[in-house]
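Subject: A structure for you to explore

Hi there,

Here is the structure I promised to pass on to you. Have a look around it, and then read my notes below.

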Amino acid sequence: MVAATPPFFSSLSPRAHPWASFRHNQLSLCRTYSLSLLLPPGLYSSELSYFFHSGLKQRAKGLAMSAKKSYEVQASKQDEGRYKHTIDLPKTNFGLRANSIVREPEIQKFWEDNEVFKRVVDRNSGGTFILHDGPPYANGKLHIGHALNKILKDIINRYKLLQNYKVQFVPGWDCHGLPIELKVLQSMDQAARNDLTPLTLRENAAKFAKETVDLQMKSFKRYGVWADWNNPYLTLSPEYEAAQIEVFAQMVTKGYIYRGRKPVHWSPSSRTALAEAELEYHDDHVSKSIYAIFKMVSASPASHAHLEGFFTNLCLAIWTTTPWTIPANAAVAVNPALAYSVVEVYSVLEETAVSPAKQSRLGGILNNGENKPFIIVASDLVPTLESKWGVKLIIKNTFLGKALENCRYLHPVDGKECPVVIGGDYITTESGTGLVHTAPGHGQEDYITGLKYGLPILSPVDDNGNFTEEAGEFSGLNVLGDGNTAVVKYLDGKMLLIVEEPYKHKYAYDWRTKKPTIFRATEQWFASVDGFRQAVMDAINTVNWVPPQAENRISAMIASRSDWCISRQRTWGVPIPVFYHVDTKEPLITGETILHIQGIISKKGSDAWWHMSTEDLLPEKYRSNASKYQKGSDTMDVWFDSGSSWAAVLGKREGLTLPADLYLEGSDQHRGWFQSSLLTSIATTGKPPYSCVVTHGFVLDEKGLKMSKSVGNVVDPEIIISGGSTKDGPGYGADVLRLWVSSVDFTGDVLIGTQILRQMSDIYRKLRGTLRYLLSNLHDWKPGYSIAYDDLPKIDQHALFQLENVVKNVKDGYDNYQFYKIFQILQRFAIVDLSNFYFDVAKDRLYVGGSASFTRRSCQTVLAAHLLLIVRMIAPILPHLAEDAWQNVPFERVAENGFVAGSVFELRWLDQNERWLSMPAPDVDFWGSILELRSEVNKVLEVARGGKLIGSSLEAKLYLHTSDSATSSRLQQMCKAVQEADSLHRIFITSQVEILTSVDEVAQSVEHQGSYTNQANIEIWIGIVRADGRKCERCWNYSPMVGMFAHHSTLCRRCCTVVSDGQPLQAAAQV
């Protein structure tokens, strides 16, 4: 029966479209790809299956021509094919080939012209969802990592739109900093650089950044990313800079900002201080390491008894990988709890471990035949040092390290007396000598120890990494080059070098110039993380971290990090708003002075700091003394720029609120944007700027290798989408790229390459084929034709049960950011559950069941449900495909209030359909067994086809037998099903199925046999023979009834009924 329209389809009745040009123009969306093929009557099973799932248009065309020719031959024998008009072949304008390079831009133009994103947001009535965009650098072309990041964000945003959220997504760009400054400098010749003023550099940098933003924005749009593109946030805009200065002012007011001289990561190649987030660590760096000795001159009271017999030739042994820091030495540190020994260098071993093969070199002191010194080292390291140095060491005395405190030794370069001090837990016996050369100006741990003892903070190194005059004879030499070598040579000449050897280890490099950095003490501005560290740690526990281990990572980083160096010695950036007294160099920085500058910057931008005078920049009360002050030249760390985006964007723009629902960036941002945002927000508001943080890994090539231009394994997203040279392969379009993003577990590193993209393209084509099948078989359907759920055949109810389970699991995947599970679910659902079974079985009902028949309408009811839910499920991942399909839906979807969903994104994610999920568990299990049995039957049919017994499966009769009475009875019932769609011969696509009580009666005549055993260990025997009767001209099923009807002598009973429009059938005269 045809029921009243169920709620699911109540909004599908046809109505006039409110967007006048929406379907008329459709931005050339309706290409004509007709499926009205001239196929011979009954050709719909294996042939159309081939047509739907072949990726080659030429094959489909060839099939059509072959079918047409076959039909023409047959027509002359069968009354010119008089039943062709009774076949309901699929029809649609939705092409199998996407033509994505042309079609996707058309769809994007449709979205833009109709302001679909804005329309959907304005219409949605749920809460606001804010995914705050982490700003990429505006310094070049986008790479595949950018594509992964922005597409992940877009998938989430589009899903939230379907969930009725008012999605707010403001794209951002980081526009300051060294990467952009270097790009500008590289574009100039030397003469232009010589004439460059700060304002000219800033003008050129701003122009470059804005041009790059435009280029990157165009690429992001081509990926199909929706955002408020007309109102992005740029860190160079005056309103943003002013908000950043406001954050800085609040931190100054709370006492978190200070100026100090302490060692920081310094990049000689960039001539600026660097934050931890601006470093990358190379595992294969090789340093020149040395073991050296410093001569002791006095013992402390606690050590006198241990050392008094060894003086005049007693030394401390140290080990360092930075010999260039020796001129800045201020102390030697020991661990108070470790055991130390005075050892005598007895002799150089003949078979020394120090060999030219290891590129190691003995110092002059070991080659000196006489006057070998007594040396203090950690007791546990004596055997290791014997091997390293190639000597025999005799222990003369042993004591704890605390006894050495306040002993004195001679500085190896300037000869001044220096102390032995107590260090921290960083002094171990894992390497070295157990005594640490301490230079507070060149190391964080050394600096902390130096503060404890009031040691001088020496750093005789300039901005370029060259020794200053303070380094004496080493002045002008580069510390990472000839300066390092000179220090080693000096020590050897003074008989202070034991061994020199190369040492391979992890080392910090400037992430921009890819060159080594150094630790160097300079006057810098810092944010005192210690002042609010515990508050940050507490806040981390309130945030949802995906994956969960990310919480441990950022917690460890916060717990161990030092104060944040926020000053940079560059021109292109936001100035640190500070004035220095001309004579005393004391800084003038108060809440009042900063806020005054903030007001200026909000109107004129940060260029005002460079083109306005000190007098104009100072508040009124300070102007009379303006001549006594000069402006500072430092700019802020770019991580302070982007780390203030929560305040500049979420805290200032209408419709945005704090905290953001989500931050999503690469895993390296735990020490970058995630951390800087958290630090600035906690320091000023006491709250984290985000509720949830999702991190993704890096993109590697198909072999798991890092991408490199020199290696030639870089995958360019632009080429993936639009194509390139022959070796680059075809242009796949944005949706294939997006499908790849959904297919990977992004929480770790992900792979991409030619083979992977081909696989994605093939899967995309199959998904498109699935939608084409649905659209083409609904060409004459209206929601009013839908069949009530309780009246549907069991096969249809089971199909809806599977569909709703898929929807449920897909929703879970979206909610938990596990898009790869969605990819796997939809791939299996479209290819296995639908194409290989339901779609295959449904063709008979759809094509020859009768246009208005119950069996066809019930099937179309199920197909419509699949179409309406599948386009929703794929829309966040494959928006172009979903939109393309939606524009070709042959009926209009009208909501209860009369609103027409002109775009697929104006649909809503439907509530879970409990009725569809209510199929009893025994029925679900039984249908599962039927599907498994069908797979085994198909195997036997294939063997029979190979044995030339049959061609099409419709030429077969299927025998089944089981000794289990309950199963046998259920199979018997399905053979006589009330609903023909539930009949076994329709499910197996054979002409007949017979359930045998015994195999013995047919065993001899059945050549092709098989068996199936279900999970309950019930075995079912399978046999294949030729079908009984003659072949029906219209449906190609075999039946003894063919030839029994006078006016339709070549048709079976069903086809006679269909073509007779239900009129009584007249039997043929008996001969």
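Let's begin with a small puzzle: which residue in β31 stands opposite tyrosine 959? It is glutamate 994. Please keep in mind that this is a predicted model.

That pair is a good way into a sheet towards the end of the chain numbering you see. Strand β30 covers residues 956-961, and five bridges join it to β31, with the two strands running parallel. Together with two further strands they form an open sheet in the order β31-β30-β33-β32, and its pairing is mixed. At the edges are β31 (992-996) and β32 (1008-1013), each of which pairs on one side only. On average, neighbouring strands here are turned by 25° against each other, ignoring direction. If sheets are new to you, it helps to know that strands of a sheet pair through backbone hydrogen bonds, either parallel or antiparallel.

Two helices go with this sheet. Helix α31, residues 921-946, packs on it and touches β30, β32 and β33 (1019-1026). The direction of α31 makes about 160° with that of β32. The other helix, α32 (residues 965-975), lies across β31 and β33 and runs at about 150° to β31.

Now follow α31 to another neighbour. Helix α27 (residues 794-815) packs against α31 at an angle of about 100°, and their axes are 11 Å apart. An angle of 65 to 115 degrees counts as roughly perpendicular, so α27 is roughly perpendicular to α31. On the α27 side, the residues that meet α31 are Lys794, Ile795, His798, Phe801 and Gln802. Their counterparts in α31 are Asp923, Val924, Trp927 and Leu931. Sorted by class, this contact has five nonpolar, two polar and two charged residues.

Next, try strand β7 (residues 279-298), which has several partners. With β17 (residues 497-510) it pairs in the antiparallel sense over twelve bridges, and there leucine 279 stands opposite aspartate 510. β7 also pairs with β8 (residues 314-320), again in the antiparallel sense, over six bridges; phenylalanine 294 stands opposite leucine 316 in that strand. Two bridges join β7 to β14 (residues 408-410), and these strands run antiparallel. Here methionine 296 has tyrosine 409 in β14 as its bridge partner.

How many salt bridges are there? The count comes to 53. One to look up is between aspartate 133 and lysine 153, where the closest N and O atoms are 2.5 Å apart. Aspartate 133 sits in the loop between β1 (128-132) and α6 (144-162), while lysine 153 is in helix α6, so the pair ties together parts that are 20 residues apart in sequence.

A few backbone details are fun to find as well:

- Valine 546 and proline 547 are joined by a cis peptide bond with omega of about 0°; proline 547 is in the loop between β19 (544-546) and α17 (549-560).
- The peptide bond from leucine 658 to proline 659 is cis too, with omega near -5°; proline 659 lies in the loop between α22 (645-650) and β26 (662-666).
- Methionine 495 is not a glycine, yet has a positive phi of about 60°; you can find methionine 495 in the loop between α15 (482-493) and β17.

Finally, an unreviewed UniProt entry annotates residues 1031-1055 as "domain: Zinc finger FPG/IleRS-type". In the model, the end C-alpha atoms of residues 1031-1055 lie 12 Å apart, and the span is 12% helix and 12% strand.

Happy exploring!

Definitions and conventions: Residues are numbered from 1 along each chain as its sequence is written. This is a predicted model: local features need pLDDT of at least 70, side-chain atom pairs count only at pLDDT 80 or more; totals for chains, interfaces and linings use all residues. Side-chain values use heavy atoms; hydrogens and water are left out. Two strands pair if DSSP finds at least two bridges between them. Helices (H or I, at least four residues) and strands (E, at least two) are DSSP runs, numbered from the N terminus. Axes are lines fitted to C-alpha atoms, for helices over the stretch in contact, and angles run from 0 to 180 degrees between N-to-C directions. Contact means heavy atoms within 4.5 Å. UniProt positions are given in the numbering used here, feature names are shortened, and annotations may be inferred rather than shown by experiment. Angles under 35 degrees count as roughly parallel, over 145 as roughly antiparallel, 65 to 115 as roughly perpendicular and the rest as oblique. Ala, Val, Leu, Ile, Met, Phe, Trp, Tyr, Cys and Pro count as nonpolar, Asp, Glu, Lys and Arg as charged, and the others, Gly among them, as polar. A salt bridge is a side-chain nitrogen of Lys or Arg within 4 Å of a carboxyl oxygen of Asp or Glu.
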